[in-house]
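Visitor: Please give me a close look at the surroundings of one charged side chain, and then follow the links outward from there.

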Amino acid sequence: MTEHTKYAESREVGEQAREQEWTRPSFAKQLFLGDFRLDLVHPVPRLSDEATTRGEEFVRAVRRFLDTSVDPALIERTAQVPDEVVKGLAELGAFGITIGEEYGGLGLPYLYYCRTLMLVGSYCPALATLLSAHQSIGVPQPLKLFGTEEQKREFLPRCARGEISAFLLTEPDVGSDPARLSTTAVRDGDDYVIDGVKLWTTNGVVADLLVVMARTGKKISAFVVEADSPGITVKRRNGFMGLRGIENGVTEFTQVRVPAKNMIGQEGQGLKIALTTLNTGRLSLPATCAGSTKWAVKIAREWGCERVQWGRKVGKHEAVATKIAFIAASAYALEAVSELTARLADDQRNDIRIEAALAKLYSSELSYRALDELVQIRGGRGYETAESLAARGERGVPAEQMLRDSRINRIFEGSSEIMHLMITREAVDAHLSAAGELINPDASAQERAQALGRASRFYAKWLPTLVAGTGNLPTSYAAFGPLAQHLRFVERTSRKLARSTFYGMSRWQGRLEHKQSFLGRIVDIGAELFAMTAACVKAEEDAGDLGRRPYELADTFCHQARRRVESLFDELWDNSDAGDVRLAGYVLEGRYDFLEEGILDPSIEGPWIGTPEGGESMRRKIL
C-alpha cells in the first residue's frame, strides 16, 4: 500500500467518524466564517437556583476533604493516590458528578464538574486526572450519550459509587491514526472475543470497568469490559515526567470474552462514540488548566512581594512585573473560557464541538506558558522540588512539579497538532460543503464542474458579508464599557480571518490540507478571539459584584491577545514554513548526520515501538 493510499484511508476513517450535521448553532463555527454571533454566548446561560445551591455545596465539601484528608506531597512522593482518598471522594459522590440522580449520581451541571476539577487540579493534578479520566472519557460519558437503558442501569450506579473506569483506544503503534487499530473483537455466539494490546490506559491499573475500542471487521466498535475478566493482563504500569500519582498502564487482551450486549451503540460506531464523547469530555482539561494557572497567580503575588533584590520587591521590577501581569491576565481568561464552554454544554442549545476543542487547545498551551513563567520568576527555587525546599527550611512551593504535571495537557485527549487539524476540519466545513470537490485532487472533471456551480453561489453570497460589520462602528458593544473596543476588534478580525482562510483555499486548493502550519495559525487566531470574547463576557458579568477589577484583568488580557493575533496574521504569509519542511526532509534523509558527531545517546536500547514481555499482572484493586 502506497503512502498516499494509507493517508487517504486514514482520512476516510476519520471523516466517517465525525459528526456530519450541524443541527444546532455554534458560536465558534460562525466566528471562523466571519460572523461574530455574540448573541450565542451573551448573556451567558444561567443555572437554576437549585442547581447552583447544590453545586456550591458540593464544591465546598470537596474543598474541606482536600484540605483535611489529602496530602499532595505524599501522592507525588509515593506515586500513588491512597485508597482512603479514593474511598473518601467516592463517599462525597465525586465519581458521579454528572451522572444522573436516577442512576445514583449527583446529577450536577458541567459548570460545577469543571469548578470541582479546577479546585482539585490546583491542589493535586494527579487526583484531578483520576476523576476526569473516569468521568470524561471513561464509562459514564459514552453510556450517557449512546448507552441503552439496560447498560445505564447496570454500569452507571457502579461508576457513581466509585468503581473506577478507564478508556482504551491508543495502542503501541496507534496514536491519532485510528485506521491502524489492530485490537480485534470477533463475534462468537452471544459474545465478542477481544485480542490486542492497549497503551497509556489512564486509570487502567486500578480500573474496575473499561471502555475498549476494537476492530469488528473493517470498522471500529466500543465495548464496556469488566477489568477482571479472564484474559486481561495489566502488563506494565507506566512512569511519566509528571502526574506521578496516576496509575496508567499497558493492558493486554488475550481471548477476552465480552457479552455482545456490552457493545456501546451500534457495530462500527466506536470512533464516532469516542469523538462525540470528547465534545464534552474535553471540558475537564480547561478546568484543570485554569486551576493550576490561578494557583500560579497566588504564588507569583506572594513571592513578588516577599523577595527583595536591589532594594525593591522583585514584583516591582518591570522584567518580573510583565510576567506577573501575563500570568494573572491568562488565569482570568482561562477561567472565563472554561466557564463559558461548560455553561454552553449545560444549556444544550449550541453545538460545542469546536468550542470544547478550542478550549482544550488554548488552555493547555497558555497554562503551560504561565507555569513556565512562574518557574522563571522563582528562579533557582522554581527549579527546586517542594520537598527539597521544605527540607532546608523554606516554603515547599511545587512550581517545578506543576510545570511537569501540566506538560501532558498539550498531548492528552488529542495533541495540540492534532487539535489544530481537527478544529480546522470543523471550521472549514461550510467551505468543503460548497467547494470540496474543487480542492479535492482526486475529483473528476464532472465533479469539479458541479462543485464550481455550488461554490459560485456560496461565495457570491458570503464574500460581501466580510467587507464591513459592527466592528467598524465606534459605538458598537457600548454595554461592555472599556471592553467594547476589544469586541469590535474580535468582530473585525473574525472577518479578516475568514478572508484569509478563503485566500488560502484559493491559493493552495487541494494542497491546503497539507499546509498544516498555515491552518494551525488560522486556528490559533480563532482561539484567541474566542478567549477574548469569553473574558469580556465574564468581566461584564463579574463587574456587578467586583466592580472595575474584572474589567482591568480582561482589558490587559485582550491587549496581550491582540498582539499575539497580529503576529499570527503576519506569519500566515511571511514565514519559513517551506524552507523548514525542506530542511526537515534533509534531516530525515541523514544529510546532516555530522551534527550528531561528538555526542553520546543515553537512551536504553530497545525497539522504538514494542510491548512488554512476560511478568505478572500489575492490576491493583482499590481496597
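Guide: Happily! Helices here are DSSP runs of H or I with at least four residues, strands are runs of E with at least two, and both are numbered from the N terminus. This is a predicted model, in which local features need pLDDT of at least 70, side-chain atom pairs count only at pLDDT 80 or more, and totals for chains, interfaces and linings use all residues. Residues are numbered from 1 along each chain as its sequence is written, and side-chain values use heavy atoms, with hydrogens and water left out.

Our starting point is R158, which sits in helix 9 (residues 149-161). R158 counts as buried because its relative accessibility is 16%; buried means under 20% relative accessible area, exposed over 50% and partly exposed in between, with a 1.4 Å probe and protein chains only. Beyond its neighbours within four places in sequence, R158 is in contact with E163, L209 and E226, where contact means heavy atoms within 4.5 Å.

Let's follow the nonpolar side chains next. A nonpolar core is a set of buried Ala, Val, Leu, Ile, Met, Phe, Trp, Tyr and Cys residues joined through side-chain atoms within 4.5 Å. The largest such core has 136 residues, and L127, W295, L358, L529 and F557 have the most contacts inside it. Helix 21 (residues 516-546) supplies the largest share of this core, 16 residues. L209, the contact partner of R158, belongs to a second, separate core of 24 residues, which also includes L181, I273 and A274.

Back in the largest core, L127 touches L66, V70, V81, V85, L89 and V120, leaving aside its neighbours within four places in sequence.

Two backbone details deserve a look as well. W200, in strand 3 (residues 191-202), has a positive phi near 55° although it is not glycine. N203 follows in the loop between strand 3 and strand 4 (209-216), and the phi of N203 is also positive, near 75°. N203 is buried because its relative accessible area is 2%. As background, most residues other than glycine have a negative phi, and most peptide bonds are trans. An example of the other kind of peptide bond is the cis one that joins H42 and P43, with omega about -5°. P43 lies in the loop between helix 2 (27-32) and helix 3 (49-69).
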